[in-house]
Amino acid sequence: MLRFPEGFLWGCATAAYQIEGSPLADGAGPSIWHRFSHTPGNVERGDTGDVACDHYRRWRDDVALMRELGLKAYRFSVAWPRVLPDGRGAVNETGLAFYHRLVDALLEAGIVPFITLYHWDLPGALQDLGGWANRDVAGWFADYAALLFDRLGDRVRHWITLNEPWCVAHLGYIAGVHAPGMRDLWAGLRAVHHLLLAHGRAVQAFRASNVKKGRIGITLNLAPQYPASRSEADLAAAQRADAYHNRLVLDPIFSGRYPELLVRRFNDAWPDAPQADLETIATPIDFLGINYYSRGVVAHAPGAGFLETRSVAQPGPHTAMGWEIYPEGLFELLVRIHGEYGGPTLYITENGAAFDDRLEPSGGVHDTDRLDYLRRHFLQAHRAIEAGVRLQGYFVWSLMDNFEWAHGYSKRFGIVYVDYETQRRVIKQSGHWYREIIARNGLEN
Ligand SMILES: N#[N+]C[C@@H]1[C@@H](O)[C@H](O)[C@@H](O)[C@@H]2O[C@H]12
């Protein structure tokens, strides 16, 4: 039996727009994902977050489900436009009351709440002012964060400023496949800088707040990048991919500077980054959240986009997202972060997989592929802890099947199955297995 450290926080993660539904209820304002999903052609099958998992109304039963699973912690996000419908200014007390109730219910169930301040649902009113491409957003975000620290900080000790700033900027402003659906490298690079600046401003607001014994961090999607061959060209391509996918956010947060390789490569498109900004971005944090799903394998591709790299498909196996299942990448990533970025306290804030789950006539969901995926990644996490990595918790993505962004409801990541017709929840085989892992705080190797 491989045991995890005493007090290891086993949990699940979700995000507001993906599970809550009722996006405009009780005075909430529209987010950029409400607008994006309601724009034809953006989301598979025209799916939207209008109902999702109806968590805004079913939250009490969902907390009971978390208690049944024996979760030690639960990571969720606050919908900024539910609390500040215009993104700034007047507070929507009814919207805020939803999160008060949820936090109280989690604490009553003995579940540690981890709040993500921003999980992609920017108030539409702020997008109308340029969104993350407008430098003023850093101040608006810091004010929003300060409001939540003040209102929920007496009961919530663990805070995450941003979820995956790289995805927000790259997918939303450069690739255009996520909200707000822009394809503008200049805006995208400024969005990266303003996201990180907003993170730093929020950390400073946290330090100035009255949150007692609180801890704050950020969640980054990180994927180790491997060369497709040992050729000099592919090795250099992997370095470029690592700089863009990983070091673009890691280096400013931990070292107060952007990778020189990128500054040179993007040349005139690179945003101004005054030293004062970089110092704010590097305001010390208490932990780093890592979202790990898979790795990248890249080759040199002359003239292919701004990185001149191409992804090289691997034999697999793969998840329903087409992502290679590569558990060793988690170990390699954790040990690298530990060694290169000062041995920070780490949480896996997301790890999980989509598979084509079926609700059997018997009423069960035998998702043995997801169970095996999780088991192999838990083993790598344990291996990293044995190697000295200060990993203190693991949040499975996700608690329940939910709105998978541009894929709509076609991809199921949950350890709990959601029948969207009836909103019935069914704990999958992986969920029953995870409950045992949590109870024993370990697994068989
Ligand atoms: N795709 N995918 C699954 C999962 C997504 O559902 C989360 O919202 C993101 O934080 C991260 O991308 C990971």
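Student: What is the mean pLDDT of the protein, and how should I use it?

Tutor: This is a predicted model, and the mean pLDDT of the protein is 98, with 100% of its residues at 70 or more. Where pLDDT is low, predicted coordinates should not be read in detail. For the complex, the predictor gives an ipTM of 0.99 and a pTM of 0.99.

Student: How many strands form the open sheet that contains β7, and in what order?

Tutor: Strands of a sheet pair through backbone hydrogen bonds, either parallel or antiparallel. Here 3 strands make up an open sheet, ordered β7-β9-β10, with mixed pairing. The edges are β7 (225–227) and β10 (309–311); each has a single partner strand, so one side of each lacks a neighbour in the sheet. From one strand to the next, the twist averages 45 degrees.

Student: In which sense do β7 and β9 pair?

Tutor: β7 pairs with β9 (residues 296–300) in the parallel sense, over 3 bridges. To find the register, look at P227, which stands opposite V298 in β9.

Student: Which helix lies across β7, β9 and β10?

Tutor: That is α10, which runs at about 130 degrees to β9.

Student: How far apart are the end C-alpha atoms of α10?

Tutor: Compare the end-to-end distance with the span of a straight helix. Helix α10 (residues 232–255) has 24 residues, and a straight helix would reach 34 Å at 1.5 Å a residue, but the end C-alpha atoms of α10 are only 28 Å apart. Now look for a bend along the helix: α10 has a kink of about 60 degrees, centred on R247. Just after α10 comes G256, with a positive phi of about 70 degrees.

Student: Where is the kink in α3 centred?

Tutor: Apply the two steps again. Helix α3 (residues 55–69) spans only 17 Å between its end C-alpha atoms, against 21 Å for a straight helix of 15 residues. The kink in α3 is about 40 degrees and is centred on D61. Buried residues of α3 include H55, W59 and D62. Just after α3, G70 takes a positive phi of about 75 degrees.

Student: Which strands pair with β11?

Tutor: Strand β8 (residues 287–291) runs parallel to β11 and is joined to it by 4 bridges. Strand β12 (residues 391–397) also pairs with β11 in the parallel sense, over 4 bridges. For the register, N291 has E350 of β11 as its bridge partner, while Y347 is partnered by G393 of β12.

Student: How many residues of β11 are buried?

Tutor: In β11 (residues 346–351), 6 of the 6 residues are buried.

Notes:
Residues are numbered from 1 along each chain as its sequence is written. This is a predicted model: local features need pLDDT of at least 70, side-chain atom pairs count only at pLDDT 80 or more; totals for chains, interfaces and linings use all residues. Side-chain values use heavy atoms; hydrogens and water are left out. pLDDT is the predictor's confidence in each residue, from 0 to 100. Helices (H or I, at least four residues) and strands (E, at least two) are DSSP runs, numbered from the N terminus. The expected span of a helix is 1.5 Å times one less than its number of residues. The bend at a residue is the angle between axes fitted to the seven residues ending there and the seven starting there. Two strands pair if DSSP finds at least two bridges between them. Axes are lines fitted to C-alpha atoms, for helices over the stretch in contact, and angles run from 0 to 180 degrees between N-to-C directions. Contact means heavy atoms within 4.5 Å. Buried means under 20% relative accessible area, exposed over 50%, partly exposed in between (1.4 Å probe, protein chains only).
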